[in-house]
Amino acid sequence: MEKDWKGKKKTTGINVRTGIAPTAERYHRNGGVRTEIVSEGGARTMRYRAAWECPLDAYRDLKIINEAEYKAGLKFHQAYYGAVIFVRADFRPTSKIQADRKPTKSDILLKKVYVAIPSEDMSVIIDICGRSKPAQSPRAMNILKRGLGHLATHWKMAAREVCKRK
């Protein structure tokens, strides 16, 4: 057991500092707050994280979408982030090498997604999965489920879920 500066034995090995706990308001947003104990350099501290980091997490936990649709949404988010959001808007090639830039894996994957999903569903998929905005209506939720279903079957994620060992 460790002793504090007064010579008393500490009952817990976790550093709890005042002022770092989340506010009461944060406990009611994004599905609440999860606490983790993190060990850094021998000192253990409490870390607070949101239960739902994006709308897809909430929809999966509330059983609105299944696991294959959730994984398809995360894969789309990763491709969208790498191909669209990560590239600077003011990027202008200044040399022949920059102009002859090969498409990345995210670019290729995103082009395949645009072919696989109907164009009328694409804006909802981009808003919810790509930009992490919550669905605005029940119609948007239906479109999301349909689009993620298309992606899950296109990427054969539904087959993996059914054939997975239990």
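1. A good place to start is Glu-69, which is buried at a relative accessible area of 9% (buried means under 20%, exposed over 50% and partly exposed in between, with a 1.4 Å probe and protein chains only). Please keep in mind that this is a predicted model, where local features need pLDDT of at least 70, side-chain atom pairs count only at pLDDT 80 or more, and totals for chains, interfaces and linings use all residues. Residues are numbered from 1 along each chain as its sequence is written, and side-chain values use heavy atoms, with hydrogens and water left out.

2. Which residue does Glu-69 meet in a salt bridge? The partner is Lys-145, at 3.3 Å from N to O (a salt bridge is a side-chain nitrogen of Lys or Arg within 4 Å of a carboxyl oxygen of Asp or Glu). Lys-145 lies in helix H6 and Glu-69 in helix H2 (residues 67-85), so the pair ties together parts 76 residues apart in sequence. Lys-145 is partly exposed, at 33%.

3. Now to H6 itself (helices are DSSP runs of H or I, at least four residues, numbered from the N terminus). Helix H6 covers residues 138-154 and reaches 24 Å from first C-alpha to last, close to the 24 Å expected at 1.5 Å a residue. Its buried residues include Met-141, Ile-143, Leu-144 and Leu-148. After H6 comes Lys-156, with a positive phi near 60°.

4. The whole structure has four salt bridges. Among them, Arg-131 pairs with Asp-127 at 3.1 Å, N to O. Arg-131 is partly exposed at 43%, and Asp-127 is partly exposed at 28%.

Technical notes: Helices (H or I, at least four residues) and strands (E, at least two) are DSSP runs, numbered from the N terminus. The expected span of a helix is 1.5 Å times one less than its number of residues.
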